Amino acid sequence: MALNNPYALSFDGVDDYVDCRQKISLSTRTQPFTFKCCVQGSGPIIATNRDGEAIGDARINITNTLGYYHNCLTSAPYLRSAIYSKPLDPLIFYFIVVIADFPNNKITFVVNGDTEEFSFSVNEVTLQARLSIGTHKNYTYDTSYFSGIIDEIGLWNRALTIEEALLCCNKKLRGNEIGLVAYYSCDEDTGNVLIDSTPNCNHGVIYGAARVPGIVNLELGYIDVATVMPVEVKYNSMTLKGNLRGLGDYPQAECYFQYTTDPNFETGIIETLHQALLTPGEFEQTITGLDNSKTYYYRAVATGINL
C-alpha cells in the first residue's frame, strides 16, 4: 500500500463509471475551474454529460496525451480543444492539474510539474450538467469509458495559480480549501459510495469501478494560505501578515512569506525566515532593506509537518 494513499479506483473501460449526480459546469465563459487527480490509463477522466437537455458538454480526457474538449452547440467552432503537447504513457501514473481560467481565455495543464498554457475561449454560457468520472456521453449520445486507475480527485470553482497547482498536485487535501467544491480521495475500502470530503457532500455513486490499493505515494501538508497581492511600499521596511486557515491532520505548520518586484512572481523571489505554528491564526514578519520607489508583491506560504 502506498504512503498516505490506501486506496484508488480501477475502471475497466467497458461500463465502469461514477455518477456524481450534482450538476456543475466545466465550460462557462464566466466561471473558471481547476481539476486535479492522479491517473494511469486512457479515456475520459471527468466530464459533464448530456442529460436529456439541449446543452453542450465538456470533458478532460487522457489518450496518449492530456486534453480538454468542449462541444459548443450555439457558435462555431463547435468542437474546441486544448491538448497538452507531450505524449503520455498509459502505463505510467501522472499527477495532473487542469486550470481553466475562462474569464481570461486560457487553459493551463500541469503534468508531473511540467506546465503548458493555451489560449482558449468559450463563447456561450453552457448550462450546468451532471458530472461523471470515468465516462463521457457526447452530443450525439455516444458513450465512452475510462480504462485504468483514477485517484485523488479535486475540483475547485476558481482558477488556482501555477504555484498552488504545483503545491497541491501530489498532496492530500483537507477538504476545506478555498473554492474546493468536491474532493474524492477514493480511500473508502468498501461500498459503492464515493465520498466527497468537502462540506458540500457531493458524494458519487460507483457503478462497477473496483477499489484497489493505492499505488503512488502522497505527501501530507497542503495548507491553503498562499495569495499574491500588490503592495506599494512607501518605506524601506514593512510588516507582512498572513492567516493560517486550518491544520487538519498536520499538528504543525511552517509559515513564511515570499516577495518580489515581479508581478508574475517568476523572478527575484526572496523568502523570509520560516516560523512554526501549532494552531490556526495570523502570523506576521517584518522585512527591511526595501526600495521605496518600487511596488512589491508578496504571498504567504505554509507547509505541513506530520510529526
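**The largest pocket and its surrounding strands**

By class, the residues lining the largest pocket divide into 6 nonpolar, 4 polar and 6 charged. The model is a predicted one, and this pocket makes a convenient place to begin. Its volume comes to about 460 Å³. The lining consists of 16 residues, and those nearest the centre of the pocket are Lys-106, Glu-117, Thr-161, Ile-162 and Glu-163. Two or more lining residues come from each of strand S7 (94-101), strand S8 (106-111), strand S9 (114-119) and helix H1 (162-168). Of the elements, S9 makes the greatest contribution to the lining of the largest pocket, with 3 residues.

Stepping back to the whole protein, the secondary structure comprises 1 helix and 24 strands. The chain has 307 residues, and 53% of the residues are buried. Contacts that span a long stretch of sequence are well represented: among contacts between residues at least 6 apart in sequence, 69% join residues at least 24 apart. The accessible surface amounts to about 13,500 Å², and carbon and sulfur atoms account for 50% of that surface.

Strand S1 offers a helpful view of how strands are paired here. S1 (residues 7-12) pairs with strand S17 (residues 210-213) in the antiparallel sense, over 4 bridges. In this pairing, Leu-9 of S1 stands opposite Arg-211 of S17. S1 also pairs with strand S13 (residues 147-156), again in the antiparallel sense and over 4 bridges. On that side, Ser-10 has Ile-149 in S13 as its bridge partner.

Two residues deserve a friendly second look for their backbone angles. Glu-152 is not a glycine, yet its phi is positive, at about 50 degrees. Glu-152 is placed in strand S13, the strand that pairs with S1. With a relative accessibility of 2%, Glu-152 counts as buried, because buried means under 20%. Asn-112 likewise is not a glycine and has a positive phi of about 50 degrees. Its setting is the loop between S8 and S9, and both of these strands give two or more residues to the lining of the largest pocket. Asn-112 is partly exposed, since its relative accessible area of 43% falls between the 20% and 50% limits. The two residues thus share a phi of positive sign, while Glu-152 is buried and Asn-112 is partly exposed.

Terms used. Residues are numbered from 1 along each chain as its sequence is written. This is a predicted model: local features need pLDDT of at least 70, side-chain atom pairs count only at pLDDT 80 or more; totals for chains, interfaces and linings use all residues. Side-chain values use heavy atoms; hydrogens and water are left out. Two strands pair if DSSP finds at least two bridges between them. On a 1 Å grid over the protein atoms alone, a cavity is a set of points where a 1.4 Å probe fits but cannot get out, and a pocket is an open set with protein on both sides within 12 Å along at least five of seven lines; lining residues have an atom within 4 Å of a point. Grid points are joined across faces, edges and corners, and a volume is the space filled by probe spheres set on the points. Ala, Val, Leu, Ile, Met, Phe, Trp, Tyr, Cys and Pro count as nonpolar, Asp, Glu, Lys and Arg as charged, and the others, Gly among them, as polar. Buried means under 20% relative accessible area, exposed over 50%, partly exposed in between (1.4 Å probe, protein chains only). Contact means heavy atoms within 4.5 Å. Accessible areas come from the Shrake-Rupley method with a 1.4 Å probe; for residues, only the protein chains shown count as cover.
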